[in-house]
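Visitor: I should like to understand how the chains of this assembly are arranged. Would you kindly guide me through it?

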Number of protein chains: 8
Amino acid sequence: MHIHDHDRLDRIGMPEAVLCSEKTTAQLERIIDDLAATPSPVLLTRLFEPKFAELSPSAQARLDHHPTSATATMHGTLAPRHDGRRVAVVAAGTSDQGVASEATRTLRFSGVETSEIVDVGVAGIWRLERALPEVLAADIVIAVAGMDAALVSVLGGLIAGPLIAVPTSVGYGVAEGGSTALHSALASCAQGVTVVNIDNGFGAACAAVRMLTRFDTGPD
Amino acid sequence: MHIHDHDRLDRIGMPEAVLCSEKTTAQLERIIDDLAATPSPVLLTRLFEPKFAELSPSAQARLDHHPTSATATMHGTLAPRHDGRRVAVVAAGTSDQGVASEATRTLRFSGVETSEIVDVGVAGIWRLERALPEVLAADIVIAVAGMDAALVSVLGGLIAGPLIAVPTSVGYGVAEGGSTALHSALASCAQGVTVVNIDNGFGAACAAVRMLTRFDTGPD
Amino acid sequence: MHIHDHDRLDRIGMPEAVLCSEKTTAQLERIIDDLAATPSPVLLTRLFEPKFAELSPSAQARLDHHPTSATATMHGTLAPRHDGRRVAVVAAGTSDQGVASEATRTLRFSGVETSEIVDVGVAGIWRLERALPEVLAADIVIAVAGMDAALVSVLGGLIAGPLIAVPTSVGYGVAEGGSTALHSALASCAQGVTVVNIDNGFGAACAAVRMLTRFDTGPD
Amino acid sequence: MHIHDHDRLDRIGMPEAVLCSEKTTAQLERIIDDLAATPSPVLLTRLFEPKFAELSPSAQARLDHHPTSATATMHGTLAPRHDGRRVAVVAAGTSDQGVASEATRTLRFSGVETSEIVDVGVAGIWRLERALPEVLAADIVIAVAGMDAALVSVLGGLIAGPLIAVPTSVGYGVAEGGSTALHSALASCAQGVTVVNIDNGFGAACAAVRMLTRFDTGPD
Amino acid sequence: MHIHDHDRLDRIGMPEAVLCSEKTTAQLERIIDDLAATPSPVLLTRLFEPKFAELSPSAQARLDHHPTSATATMHGTLAPRHDGRRVAVVAAGTSDQGVASEATRTLRFSGVETSEIVDVGVAGIWRLERALPEVLAADIVIAVAGMDAALVSVLGGLIAGPLIAVPTSVGYGVAEGGSTALHSALASCAQGVTVVNIDNGFGAACAAVRMLTRFDTGPD
Amino acid sequence: MHIHDHDRLDRIGMPEAVLCSEKTTAQLERIIDDLAATPSPVLLTRLFEPKFAELSPSAQARLDHHPTSATATMHGTLAPRHDGRRVAVVAAGTSDQGVASEATRTLRFSGVETSEIVDVGVAGIWRLERALPEVLAADIVIAVAGMDAALVSVLGGLIAGPLIAVPTSVGYGVAEGGSTALHSALASCAQGVTVVNIDNGFGAACAAVRMLTRFDTGPD
Amino acid sequence: MHIHDHDRLDRIGMPEAVLCSEKTTAQLERIIDDLAATPSPVLLTRLFEPKFAELSPSAQARLDHHPTSATATMHGTLAPRHDGRRVAVVAAGTSDQGVASEATRTLRFSGVETSEIVDVGVAGIWRLERALPEVLAADIVIAVAGMDAALVSVLGGLIAGPLIAVPTSVGYGVAEGGSTALHSALASCAQGVTVVNIDNGFGAACAAVRMLTRFDTGPD
Amino acid sequence: MHIHDHDRLDRIGMPEAVLCSEKTTAQLERIIDDLAATPSPVLLTRLFEPKFAELSPSAQARLDHHPTSATATMHGTLAPRHDGRRVAVVAAGTSDQGVASEATRTLRFSGVETSEIVDVGVAGIWRLERALPEVLAADIVIAVAGMDAALVSVLGGLIAGPLIAVPTSVGYGVAEGGSTALHSALASCAQGVTVVNIDNGFGAACAAVRMLTRFDTGPD
């Protein structure tokens, strides 16, 4: 029998989370039952609407589901922490909203102050300029972009702090599936940009939590 | 026996050219001999230095070779034409210089006024800003960029005229070979950008010549 | 909140357009509501029938939907312009009709005179010969082709003006998804052909608009 | 110890051949020694010049080496057969000459009458038209083409007999290595075209020999 | 408007055929209407059951549909020809049945005598041995195989006549989509095997028809 | 003419660096001349020994070259900063040493205290255990690993602070070129790991510098 | 007509099995009918629930279906054998359960004692440590893992006996489809690990049966 | 400093080995020096001749180098063990000899009786038939094959014991690099075949050693 990792949070500071998209409905219901028996806050990710709809009413009732981000929480969220620090989640287009929301929701679940700025793709660079002051004021920037992911390099040249890129699977033709955005972010001409898996807003948020955990609270 | 296409120029207005990189030294020497017998200007492309060095002294002597662009000409260039029109070749980095030069040399060989602007990658967007007036004044812009090719989308959002992207094979890791730059340019979030094969500065120049031929001189 | 780009048309001359395929129904309905409040003509692309059918009746009623091209318009089209110029959209097979229509509809929406010639694949080269006079008379040719995209090279050797290739995702086996057609067009043995993303009829039309804008109306 | 297949010819009618490019110099010299001891004609393929130059003088002396096709023969060739039948090897460009020669040399080694027609790519379709009568008169056509391999589809629509495509690795960017030409030939819009591996002129010739063997001489 | 190719059969001897999988229901109904007006036999391929079910009852009534092969015919089949010649279609597994049937049905539609031998994969090589006499007696062999396509090489070493391989998309993991089978067939260690696109039973049959047309009836 | 970015360091805190592998010898010599004229420290990366050997003696004399890491410096290094912080560079195998050294040298050039731990791949997990205390005490961990990059996930489960993965191109077969290591790191089952391009030790170091710059010195 | 391989078990000791996912419902029903007529136990694999639901009630009634593993049996299982030997099937995550079950069910069907250990991914390496004694006591270990498949290398460094890796298609982005897990397992830094196709739990079980058959019962 | 794993052999029974191809000459010389100081036998793999030639004479003198297999040993080999057991290494073609030798040499180094059978590709299946008795008598079979790797499936259907496939990088076109052979082996229609990385003869031998260790000597 599999064991949930209830003591993970204390050990390495990551939010406890369940990745739902690859599990069967029956597996998810069993996990939700197990989690209901313990009080600590839990985040469920990639719980897209069709799968949520397949859950039993009692399982659904236990979850606080947020369709745009395909996330859900149980037992509320973690207490606010990292006072005075802020993460900015910046998305290139409307179609990147879902992945951006996954990052934002993960950060807020983890108690981190987060602002979300959408629709600032570089083909209309004046929109990005307008948003720049808010972006520059953030401690960590998460850039969410599909297609050519050009936003990543432009931001990378403008800000000095940590920049985490989340390529998205938005697009058709060569952009389909997100590998163009992924490779573009990895090959960015801006120095020191790091990248997570395609559509992995959750992972980018966790990377930000790693930084805040270490730098605001010191060694393990 | 293969026949050179001496009457091509008159027929469809493209510069007559020989692609050298895929031919053997013996084949090239025979072609150069054939071309020497006719007076019309010819352009040789992708004649990289090692291959040029393998040619016989007499074949070398017949060519005006330009190492940076790996091009050579015979019998001079075409007469200036398309008066008052100008093409701007814009390259993201020093490493894209060779491909940019191929485009510039092809255009000048074809009698087209051309300006070349190098090292304006978007990770240092203030450099691009400084060069923008010259770019905006051109009738056609050829953007040469490797790695993430973010320059293409940024330019595409700033200029209204034709923009032709040339992805380059510059880079290592995911950027090696140029397919990241190619896919990024094809997936550009800027509307109406067109793309040619990786490293094909010659092809981009020919696309510009097609436009100038048609729009300045009317139907075929 | 995301801002629609109502002043784009004036700035760089591109048609204002909304790419629908990557947006949720809820996002699209909100965008349609926003657009209804302003008078300028708008084009919606990749609004395939299943997604159109999911829109609310009131959203549907605001759109002039064209199923073959998966496009829709609001507030009519732009006024005719570029008098005396004509674009020819040439498609290799019946299965390329949808993408060809997207190009044609975008051009007509933009006020450009356009003729559409379908089913002239090179395996039956006599059909192409019959259509050739009409193709040669056009100022810009957009070639739409899937599978081996051989039409692109054949046309490229016959016409002197600008030729924009749109590879399509038509086909099965190695042709599935369109990368064979894309690579074939990029590797075309005809000089100066440019290429857009797979199935991107809209982008090819925008590239034509860029040429017409610049060459018929002068500098920005 | 490995055994050469000296009785293969009688059994299934294929020419006996040794593929050299993947063998070490020592292995090749041992094989040449073995073959010298038996009288039957043998063909060596993909014996490119650098490898030939590495062979010992005595091994070289035993071979009739042909650099363009990278083939060599020992003990002469097979007697002419399939009287009145002819194969046409048609190549798109000068750069495809080597692969075309491999096909031609294999056929002539096998006793088959063969004509070779080079530099008839479709971007200059009038050159193909001039060569068409000779192509149409052949019993089997082998089309050798790299890059977009458009020649394959055009020929496929014009001739009624067997057409075997040999994609070549000629080209750069997306054409490099030959997979674009391979996929293009496989996705050809012309019906009933068959394809062999990239650069496999030898295989195409063997496929022709299979046809001639069966149809001119009846069942096994 | 697109023109059906009613005179194709006479010109180059290929069966007239309509590829259905990439066409919309509306396009297919229009084509079926057009074809109903002319008397010559027509073959429809890749008309899988879901698409057939979407056709109007009147369109369905005009077709003689065969679900296993996903083919249909109109106006009967062509008259028997190539007397005394026989093609063998050999399939490795039950799952290759559909593609094998497409080849068989195309050949019988074209008037060619054909035998079909299924489930003789090489992992049970004794089954292949039992079927061998029938295979050896055929004039042309079409080998249909997915996964590792090992059947192709084994057959290629046993028969002397033409062998056409049809890779299939059967399988999961690395076999999914058929590229493993395709590459395996192209890389076959047996000399002179030719290959068609994945799942293209129709194309293999047409290649056989090309041979029979040329060798039994002489020049074009 | 291209302009070096001498004021970059002040603006966004990144070390000034020149990527050498994609530049010609002539380009590098010109850049070294330019840089010699200004006093600020500069790092050259991917200056592999063959290219270094091609430089003129005077250019070589200006550089402090370090062959293992393929880096060189001019005008010394930056002053130590980020007192009390330490980065650990952890490499799976001896073959990853070069890339690990690039990261270490970039960090030390940037004034950051760095320890390097090599040969702790997970196939000998007891070696990793021995090194763990030193790794856990670091503020940021850079994991350098080729082949299956399993080190990344194991470390990711053991440490709470930032973890940056550098996949390397070490290996043969499926590991060749590094895409297996890259994909493995991106798909890591450990939460919040970020990744840079293959072999990009420099980029990982820059990502660490971004964190230290922001968290130790506050907003831009 | 295709022949089922009823005497296979005796011949080479493999369990008789039918791969269902690539067969049509009609083909499966015919096979089930055939198998019902003979008494020997049969295993059906990749019979996922949707396909099972499509079978006729009488076909369903003949099968003992196990949804998690997507397997079914007819005529019971084989008698226990290989007394004292045990195989351990170890899975990294809950999402790998289905593939692990396929392996377990195949082994138990074949009469082999098997233990199954799930949810021991290396990102929580303490869970693996707890399970290690049970794993070390097994004679053969089958490691089932998706995404980065890091479990394979960690296990490979800890156990001395045979280790067979089954990569799974679990995951999204670069992990989608399983090729990252496959390549990671093949590139494992642990010596002597062998690998089967993605999701092929059945194949891994058969490989274990091959070992047990040979080593416990001697030569064929 | 990196530590060699001198106690590895005792712990998990694998031969101690050094992979040379990815290490620099300087690294190799240091490792050889370290190893010279301890008495236990060591195997060096992928020490191809050019790299061996670069080693200092003293390093060369310490090695017993075997060019065909690109292996070397120090301090002799391990004592014979697994009495009465034999492994057969079977290679499809002459070009697979090197990889086969790597497997054979690794096994003999490990004290395992091994026979090597070369040039039994399935295109000449009668040669395989002649070798079959020797193959069937072995306890473990290692099949080494490039190109289509059809040998793997044919052997898999004929033998009941463990079969380990080693795909090789032999071949050109689609066979180049070995991924066709790799995928073909993984997709083999024969049940229970396992696969190692391309060209990894060493790994296949280690997999055999794992089996012999466990089954002949019992639990760890």
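Visitor: What is the area buried between chain C and chain A?

Guide: This is a predicted model, in which local features need pLDDT of at least 70 and side-chain atom pairs count only at pLDDT 80 or more, while totals for chains, interfaces and linings use all residues. Residues are numbered from 1 along each chain as its sequence is written, chains are lettered from A and ligands numbered from 1 in the order in which they are written, and side-chain values use heavy atoms, with hydrogens and water left out. Buried area is the accessible area (1.4 Å probe) that two parts lose on being put together, summed over both. Carbon and sulfur atoms give 54% of the area between chain C and chain A, which is about 1300 Å².

Visitor: How many salt bridges are there between chain C and chain A?

Guide: A salt bridge is a side-chain nitrogen of Lys or Arg within 4 Å of a carboxyl oxygen of Asp or Glu. Between chain C and chain A the count is zero.

Visitor: Which axis relates chain C to chain A?

Guide: Copies are superposed by least squares on the C-alpha atoms of residues with pLDDT of at least 70 in both. A rotation of 90 degrees with 0.0 Å of shift along its axis lays chain C on chain A, with an RMSD of 0.0 Å. That is the relation of a four-fold axis.

Visitor: Which residue of chain C comes closest to the rotation axis?

Guide: The distance is taken at the C-alpha atom, and the closest approach is 8.4 Å. The residue is Gly177(C).

Visitor: Which axis relates chain E to chain D?

Guide: A turn of 180 degrees and a shift of 0.0 Å along the axis lay chain E on chain D with an RMSD of 0.0 Å. That is the relation of a two-fold axis.

Visitor: Why do the copies chain E and chain D meet through the same surface?

Guide: Contact means heavy atoms within 4.5 Å, and 39 residues from chain E and 39 residues from chain D take part. The copies meet through the same surface because the interface residues of chain E are also interface residues in chain D, to the extent of 100%.

Visitor: Which three residues supply 25% of the area that chain E buries against chain D?

Guide: The area buried between chain E and chain D is about 3500 Å², and carbon and sulfur atoms give 53% of that area. The three residues that supply more than any other three are Gln191(E), Arg210(E) and Phe215(E).

Visitor: With which residue does Asp139(E) form a salt bridge?

Guide: Between chain E and chain D the count is two salt bridges. In the one formed by Asp139(E), the closest N and O atoms are 3.2 Å apart, and the partner is Arg214(D).

Visitor: How far apart are the closest C-alpha atoms of chain A and chain H?

Guide: No contact joins chain C and chain H, whose closest C-alpha atoms lie 13 Å apart. Chain A and chain H are likewise joined by no contact, and their closest C-alpha atoms lie apart by 21 Å.
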